[in-house]
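Biologist: I'd like to learn how to read burial, cores and pockets in a model. Can we start from one residue and work outwards?

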Amino acid sequence: MSLVGGHPVLDFANTIAWRLDPARTADRVQGPEAWVRWAVAGGLLTADRAETMLRAETADSAPTEDETAALMDLRATLVRILDALVDDEAPPAEEWEALRRSMVLAREDAALFPSFPLRWQPGTDHLGDLAHTLVLLTEDLLSGDGLGRIRRCAGPGCGWFFLDRSRSGTRRWCSSDDCGNRDRAKRHYSRTRRRG
C-alpha cells in the first residue's frame, strides 16, 4: 500500500488511485477489514486495537456498513476541499459544512485527558472512530504550518495529494519513482521522436 502523502489525511484521500482519469480510477480500500488494515499501515491503529475493532465490527454488521459509507463520504468531502486548497479557491460550501459537522461530532465523542499538550483523543473501538480520528487530524492539517505545502501530483490523471517537504518547495509528483518516472520517460520519448 502506497503512503506517499506525508500525512494520514492526505494518504486517506489518496486511497482513490488515478482519480483524475475516469478510465483508470480505482478505490484501493474497500470494506471494513481493508479500512482497518489501511489504518494500521498508516499508523492510526496498533495491530491489537485493529483486532479488537474487527471483532466488534463482526459482531454487529449493520453499523459497519454505515461506518464504511461515512468513511467514503468523508473522503469525498476532503478531496473536494483539498482540490480547492491546491487550486487556491474557496472551499465548496456544502463540503465545508459537512466537515464542520464532522468535527463537532468527532469532538463530542472524543476524550479530553487532563494533560499537556491539549489533545482530543478519539476512540479506537469501532470503525466510526477511525472517521473521527481522521477528522481531528484534518483539523490539525488544515490549521497547521504545513498548510501551504499541500500539493497535488502533476502526473496526468493521478490527483494524489502530498506534503511538499523539499527545501525548494517545488516537488511535483506524488512519487519520483512512479509519476516522476512516467513524466521523465514521456519527455525522453518526445525528445528522441523529434530528433528522429
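Modeller: Sure. Keep in mind that this is a predicted model. Let's begin with V29, which sits in the loop between β2 (26–27) and α2.

Biologist: Is V29 buried or exposed?

Modeller: The general idea is to look at relative accessible area, where under 20% counts as buried. V29 has a value of 2%, so this residue is buried.

Biologist: Which residues is V29 in contact with, once its neighbours within four places in sequence are left aside?

Modeller: Those are T15, A34, W35 and W38. As for spacing along the chain, N14 is 15 residues away from V29, and their C-alpha atoms are 9.9 Å apart.

Biologist: Let's move on to cores. Which residues of the largest nonpolar core touch the most other members?

Modeller: A nonpolar core is built from buried residues joined through side-chain atoms within 4.5 Å. Here the largest one has 36 residues, and F12, W35, W38, L71, L130 and L134 touch the most other members. At least two residues each come from α1 (8–13), α2 (32–41), α3 (47–59), α4 (61–86), α5 (93–109), α6 (127–143) and β6 (161–163). The largest share, eight residues, is supplied by α6.

Biologist: What does L130 touch beyond its neighbours within four places in sequence?

Modeller: L130 is in contact with W35, A39, L44 and L71. There's also a second, separate core of nine residues, with A17, C153, W160 and W173 among them.

Biologist: Now for empty space. How many cavities of 30 Å³ or more does a search of the whole structure find?

Modeller: A cavity is space where a probe fits but cannot get out. The search finds one of 30 Å³ or more, with a volume of about 30 Å³. Its lining is L44, L45, M53, G123, T124, D129, L130 and T133. By class, that makes four nonpolar, three polar and one charged, and α6 gives the most, with three residues.

Biologist: And the pockets: which residues lie closest to the centre of the largest one?

Modeller: Pockets are open, unlike cavities. The largest has about 380 Å³ of space. It is lined by 14 residues, and W120, P122, L136, L137 and D140 are the closest to its centre. Two or more lining residues come from β4 (120–121) and from α6, with α6 giving the most, five.

Biologist: What about the second largest pocket?

Modeller: That one has a volume of about 290 Å³. Of its 16 lining residues, A70, L74, S102, L105 and A131 lie nearest its centre. The elements giving two or more residues to this lining are α4, α5 and α6. By class, the lining has seven nonpolar, four polar and five charged residues.

Technical notes. Residues numbered from 1 in each chain as written. Predicted model: local features only at pLDDT ≥ 70, side-chain atom pairs only at ≥ 80, totals over all residues. Heavy atoms only, no water. Buried < 20%, exposed > 50% of the residue type's maximum accessible area, 1.4 Å probe, protein only. Helix = DSSP H or I, 4+ residues; strand = E, 2+ residues; numbered from the N terminus. Contact = heavy atoms within 4.5 Å. 1 Å grid on protein atoms, 1.4 Å probe; cavity = no way out; pocket = protein on both sides within 12 Å on 5 of 7 lines; lining within 4 Å. Points joined across faces, edges and corners; volume = space filled by probe spheres on them. Nonpolar A, V, L, I, M, F, W, Y, C, P; charged D, E, K, R; others polar.
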